Every structure is written in structure tokens, then in C-alpha cells.
Amino acid sequence: MTDLLPRDRITAALMAANKKGNVALVPFVTAGYPEKGAFIATLQALATGSEVIEVGVPFSDPMADGVTIQRSSRAAIAAGVTLHWIIAQLQASGGIGAPVVLMSYLNPLLAYGFEKLAKDAAAAGVCGFIVPDLPWEESA
């Protein structure tokens, strides 16, 4: 699946599960939680039984998340996890084995810069983004 465009890897993984009659598994993990040093190993372990992995970018004001994700974000931030760190770790890993989607609030993406983020995320193998606080009217 590596010759596909990143966004198409998501579709291909979900369709492959469907074709086998399986339900697609898409776990969520807050980047760098519970142990910053185990981030890539955690993703690789999840990839062995998952179609896609959703990686949460820790944010200081996770208004759309429940208390569990709020707490894991707070702990990851305290450990020094940032969007730059996440992308650097993904890029250095050489691949996870499953498509990775980053779930982030808009502010960290804006701070990173959209053009640089798109370039760096693609180089790191990120296949997509979920941005829960991006109003549709502003999505262009």
C-alpha cells in the first residue's frame, strides 16, 4: 500500500478489512502517553491489529474531549510532547505499518504553519488530519 497517496492508504486499509468481512479497528492514542519514549513502539504494536491509527496531538485546552483524553494530553504536554516532536518521531521511525491520522485542534496546526505542516506531515507518513474545531465555513 505504500505506493498509494497517503489519503488513499486510509481508504485501502478500511476496504481491505471490509473485503475480508472484518470490522476495521481504528484505535486512538494520545502521542507520548503514557510514556514518551514508547511512542513509536506503541504505534507499531497497535499497527499489527489495526487498519488505521488515530494519534491525538496533545493540546492545553481540549474542549471537545472527555476527561480521559484531557488527562492524557496534560501528561503528554508535561513530558514535552509537541506537534513538531510527533512529526519528527514519525519521520524517524521509517513507518508504522498502518496509516496514521493526526487528531488536533486548529491552534497547533496554525502555529506550525499549514504549508510547512503539509510538507512535514507527508514526509512523516501522516495520511490525514481530524480537526474537530475547524468550522466548515473556514475549511478552505
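Which helix does Arg 71 lie in? Arg 71 sits in helix 3, which covers residues 67-78. Helices here are DSSP runs of H or I with at least four residues, strands are E runs of at least two, and both are numbered from the N terminus. The model is a predicted one, so local features need pLDDT of at least 70 and side-chain atom pairs count only at pLDDT 80 or more, while totals for chains, interfaces and linings use all residues. Residues are numbered from 1 along each chain as its sequence is written, and side-chain values use heavy atoms, with hydrogens and water left out.

Back to Arg 71: this residue is exposed, at 52% relative accessible area. The cut-offs are under 20% for buried, over 50% for exposed and partly exposed in between, using a 1.4 Å probe and protein chains only. From the C-alpha atom of Arg 71 to that of Ala 140 is 32 Å, with the two positions 69 residues apart along the chain.

Thr 30 belongs to strand 1 (residues 28-30), and with a relative accessible area of 5% it is buried. The side chain of Thr 30 makes a polar contact of 2.7 Å with the side chain of Ser 72. A polar contact is a pair of N or O atoms within 3.5 Å; within protein, one must be able to donate a hydrogen and the other to accept it, and residues adjacent in sequence count only if both atoms are side-chain atoms. Setting aside neighbours within four places in sequence, Thr 30 is in contact (heavy atoms within 4.5 Å) with Gly 56, Pro 58, Ile 69, Ser 72, Ser 73 and Ala 76.

Past strand 1 comes a proline worth a look. Pro 34 lies in the loop between strand 1 and helix 2, and the peptide bond leading into it from Tyr 33 is cis, with omega near 5 degrees. As a rule, most peptide bonds are trans.

Next, the helix packing. Helix 2 (residues 39-47) packs against helix 4 (residues 83-93) at an angle of about 60 degrees, and their axes are 10 Å apart. That angle makes helix 2 oblique to helix 4. Axes are lines fitted to C-alpha atoms, for helices over the stretch in contact, and angles run from 0 to 180 degrees between N-to-C directions. Under 35 degrees counts as roughly parallel, over 145 as roughly antiparallel, 65 to 115 as roughly perpendicular and the rest as oblique. On the helix 2 side, Phe 39, Ile 40 and Leu 43 meet Trp 85, Ile 86, Gln 89, Leu 90 and Ser 93 of helix 4. Sorted by type, the residues of this contact come out as 6 nonpolar, 2 polar and no charged. Nonpolar covers Ala, Val, Leu, Ile, Met, Phe, Trp, Tyr, Cys and Pro, charged covers Asp, Glu, Lys and Arg, and the others, Gly among them, are polar.

Helix 4 also pairs with helix 6: their axes come within 8 Å and cross at roughly 30 degrees. Here Leu 83, Ile 87 and Gln 91 of helix 4 meet Leu 117, Asp 120, Ala 121 and Ala 123 of helix 6. The contact between helix 4 and helix 6 divides into 5 nonpolar residues, 1 polar and 1 charged. Asp 120 lies in helix 6 (residues 114-123) and counts as buried, at 13% relative accessibility. Neighbours within four places aside, Asp 120 is in contact with Ile 87 and Tyr 112.

Two further buried residues round things out. Pro 108, in helix 5 (residues 106-112), is buried at 16% relative accessible area. Not counting residues up to four places away in sequence, Pro 108 touches Phe 59 and Leu 83. Ala 98 is placed in the loop between helix 4 and strand 3 (100-103) and is buried, with a relative accessible area of 4%. With the same sequence neighbours left out, Ala 98 touches Arg 9, Ala 47, Ser 50, Glu 51 and Ile 53.
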